[in-house]
Amino acid sequence: MQTQFYNLTPHSINIFAKKGDTFPSLTLPPSGNVVRLSSSREETEVIDCIPMFGVRFGDLEGLPDLASLEPESVLIVSAMAKPALREYIRELRDVPDEEGEGPNIPVLRVCSPGELIRDDKGQPIGCHGLDW
């Protein structure tokens, strides 16, 4: 069975197997769900007419139905959302239902885009592999 990749970011991801490759090995379009951390901003001060904000991050938003995914699927999220999603999945798997059974959440792999690859103008064009 081929591994299922779910791109849970808002943009296509061009994955290059090797640095220096001209074309990506795989391009993953967005899956339709965008996983993000909720956030709130509070102005803390103004420096030379520039407002400065403190940001607090909260819960995950935009999650797909994890129970419906194939076991060993790879979920690609932002580097910021990656630890929160791993912890969320771990917590879900540890909480028993009324019969004492754990939820039917398959084993899922969570990663983020690897090191950025840029064109000769410095614009990102993809990533070198994926980061666990």
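In this predicted model, Glu-72 counts as partly exposed, at 40% relative accessibility. Its side chain does not stand alone: Glu-72 and Arg-109 meet in a salt bridge, with 3.6 Å from N to O. Glu-72 sits in the loop between β5 and β6 (74-76) and Arg-109 in strand β7, so this salt bridge ties together parts that are 37 residues apart in sequence. Arg-109 is also partly exposed, with a relative accessible area of 35%. A general point helps in reading such pairs: side chains of opposite charge can pair when their charged atoms come close.

The count of salt bridges in the model comes to three. Another of them brings together the side chains of Glu-115 and Lys-19, at 2.9 Å from N to O. Here too the pair links distant parts of the chain, with Glu-115 in strand β7 (residues 109-118) and Lys-19 in the loop between β2 (13-16) and β3 (26-28), 96 residues apart. The partners can be placed by their exposure as well. Glu-115 is partly exposed, because its relative accessible area is 45%, while Lys-19 has a relative accessible area of 53% and is exposed. The cut-off that matters for this pair is 50%, since a residue over that value is called exposed.

The remaining salt bridge involves the helix. Glu-87 pairs with Arg-90, and the closest N and O atoms of the two are 3.3 Å apart. Both belong to helix α1 (residues 81-94), and because they are three residues apart there, about one helical turn separates them. Glu-87 counts as partly exposed at 34% relative accessibility, and Arg-90 counts as partly exposed at 47%. As for charges across the whole protein, there are 12 positive and 21 negative side chains, and the centres of the two sets lie 9 Å apart.

With these pairs in place, the overall fold can be considered. The protein has one helix and eight strands. Read from the N terminus, the elements follow the order β-β-β-β-β-β-α-β-β. The radius of gyration is 18 Å, well over the 14 Å that the globule rule gives for 132 residues, so the protein is more spread out than a compact globule. The span of the C-alpha trace along its principal axes is about 60 × 45 × 20 Å. Buried residues make up 24% of the 132. The accessible surface comes to about 9000 Å², and carbon and sulfur atoms account for 50% of that surface. Contacts add to this picture: of those between residues at least 6 apart in sequence, 50% join residues at least 24 apart.

The loop between β4 and β5 deserves a closer look. Most residues other than glycine have a negative phi. Which phi values, then, are found at Asp-48 and Cys-49? For Asp-48, phi is near 50 degrees, a positive value in a residue other than glycine. For Cys-49, phi is near 70 degrees, again positive and again in a residue other than glycine. Asp-48 lies in the loop between β4 (36-47) and β5 (50-61), and Cys-49 has its place in the loop between β4 and β5. Asp-48 counts as exposed because its relative accessibility is 70%, and Cys-49 counts as exposed at 74%.

Two further residues show how sequence and space relate in this model. Val-55 has its place in strand β5 and, at 41% relative accessibility, counts as partly exposed. Apart from residues up to four places away in sequence, Val-55 touches Ser-39, Ser-40 and Arg-41. How far from Ile-15 does Val-55 lie, in sequence and in space? The two are 40 residues apart in sequence, and their C-alpha atoms are 31 Å apart in space.

Pro-10 belongs to the loop between β1 (5-7) and β2 and counts as partly exposed, at 47% relative accessibility. Beyond its neighbours within four places in sequence, Pro-10 is in contact with Pro-30, Val-34 and Arg-36. Pro-10 and Leu-85 are 75 residues apart in sequence, with 16 Å between them in space, C-alpha to C-alpha.

How values were computed
Residues are numbered from 1 along each chain as its sequence is written. This is a predicted model: local features need pLDDT of at least 70, side-chain atom pairs count only at pLDDT 80 or more; totals for chains, interfaces and linings use all residues. Side-chain values use heavy atoms; hydrogens and water are left out. Helices (H or I, at least four residues) and strands (E, at least two) are DSSP runs, numbered from the N terminus. The radius of gyration is taken over C-alpha atoms; the globule rule is 2.2 Å times the number of residues to the power 0.38. Buried means under 20% relative accessible area, exposed over 50%, partly exposed in between (1.4 Å probe, protein chains only). Contact means heavy atoms within 4.5 Å. Accessible areas come from the Shrake-Rupley method with a 1.4 Å probe; for residues, only the protein chains shown count as cover. Lys and Arg count as positive and Asp and Glu as negative; His and the chain ends are not counted. The place of a charge is taken as NZ of Lys, CZ of Arg, CG of Asp or CD of Glu. A salt bridge is a side-chain nitrogen of Lys or Arg within 4 Å of a carboxyl oxygen of Asp or Glu.
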